[in-house]
Amino acid sequence: MRTREDVEAYLAQSPYPFRELEESTWLVQDRSGARENIVVRLSGDIVLFRVNVIDLASIDASRREELFAMLLELNASDMLHGAYGVAKSDAGGKVLLTSAMRLEDLDYSELVGTLDVNGDLSGPMTTYDRRGQQKSCASATPTGCKVTEVVSSKAPAGAAEKPRPRKYG
């Protein structure tokens, strides 16, 4: 069985700078060290990952429904071990990406792979749908990924569909 010390050792070996916030909770930076955005926390035998994606205040209120629909679609099609959600706050809230892994079988490559997927904020965040279409978050911000557009850059084989930008904000 893995322990808190194993998680901290994996973080120390990873390419991501980090600091401990409190017992069994770490704040991880992007690879450049410029932004702290991923919280890694132990809760019993589960390792929780939480990424602030975007402040809802930065999204035009008339476009939020479209954004929420897109996030629900991504939850249903692209997310294997996590989900997008909303955390309310006095400032209007944030879109979060959360994921969880069992501590018991966690190894270094799984932890780093999860950080890679959830937190390479040095450039656009990219996901792929089940047909292989790439969807990119347009740009990273100090608080996370600014969802200003989602782009399908590769149409499925045999499809005549052109890439269509969708703007939020």
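Modeller: Buried means under 20% relative accessible area, exposed means over 50%, and partly exposed is in between, with a 1.4 Å probe and protein chains only. What you see above is a predicted model, where local features need pLDDT of at least 70 and side-chain atom pairs count only at pLDDT 80 or more, while totals for chains, interfaces and linings use all residues. Residues are numbered from 1 along each chain as its sequence is written, and side-chain values use heavy atoms, leaving out hydrogens and water.

Biologist: Thanks, let's start with the whole chain. How many helices and strands are there in the chain?

Modeller: Helices (H or I, at least four residues) and strands (E, at least two) are DSSP runs, numbered from the N terminus. Counted in that way, the chain has three helices and 12 strands.

Biologist: What percentage of the residues in the chain is buried?

Modeller: The chain exposes about 9100 Å², by the Shrake-Rupley method with a 1.4 Å probe and, for residues, only the protein chains shown as cover. Carbon and sulfur atoms supply 51% of that area. Of the 169 residues in the chain, the buried share is 37%.

Biologist: Which element gives the most residues to the largest nonpolar core?

Modeller: A nonpolar core is a set of buried Ala, Val, Leu, Ile, Met, Phe, Trp, Tyr and Cys residues joined through side-chain atoms within 4.5 Å. The largest one has 30 residues, and Val7, Val40, Leu111 and Leu115 touch the most other members. Elements giving two or more residues include α1 (4–13), α2 (64–77) and α3 (108–119). With five residues, the element that gives the most is β4.

Biologist: Leu111 is on that list. Which residues is Leu111 in contact with, leaving aside neighbours within four places in sequence?

Modeller: Contact here means heavy atoms within 4.5 Å. With those sequence neighbours set aside, the partners of Leu111 are Val7, Tyr10, Leu11, Phe49 and Leu106.

Biologist: On to helix α1. Which residues are buried in α1, and which are exposed on the other side?

Modeller: An α-helix has 3.6 residues a turn, so residues three or four places apart point the same way. In α1 the buried ones are Arg4, Val7, Tyr10 and Leu11. They are on the same side of α1 because they cover an arc of only 125°, taken from the directions from the helix axis to the C-beta atoms. On the other side of α1, the exposed residues are Glu5, Ala12 and Gln13.

Biologist: How far apart in the chain are the two residues of the aromatic pair?

Modeller: Rings of Phe, Tyr and Trp (its six-membered ring) pair if their centres lie within 6.5 Å, with planes under 30 degrees apart counted as stacked, over 60 as edge-to-face and the rest as tilted. The structure holds one such pair; the ring centres of Tyr10 and Tyr108 are 6.2 Å apart and their planes are at 70°, so the pair is edge-to-face. Tyr10 is buried at a relative accessible area of 11%, whereas Tyr108 is partly exposed at 28%. The pair links helix α1 to helix α3, and its residues are apart by 98 residues.

Biologist: Is Thr114 buried or exposed?

Modeller: Thr114 lies in helix α3. Not counting residues up to four places away in sequence, Thr114 touches Phe49, Ser99 and Met101. Its relative accessibility is 13%, so Thr114 counts as buried.

Biologist: Now the strands. Over how many bridges do β4 and β6 pair?

Modeller: Two strands pair if DSSP finds at least two bridges between them. Leu48 stands opposite Ala100 in β6. Strand β5 (residues 82–87) also pairs with β6 in the antiparallel sense, over six bridges. For β4 and β6, likewise antiparallel, the count is nine bridges.

Biologist: Which residues point each way from β2?

Modeller: In a regular strand the side chains alternate between the two faces of the sheet. Five of the five residues of β2 are buried, so β2 is largely enclosed by the rest of the structure. Thr25, Leu27 and Gln29 point one way, and pointing the other way are Trp26 and Val28.

Biologist: Which residue takes a positive phi in the hairpin of β1 and β2?

Modeller: Four bridges join β1 to β2, and these strands run antiparallel; Arg19 stands opposite Leu27 in β2. The hairpin has two residues between the strands. The residue with a positive phi, near 65°, is other than glycine: it is Ser24.
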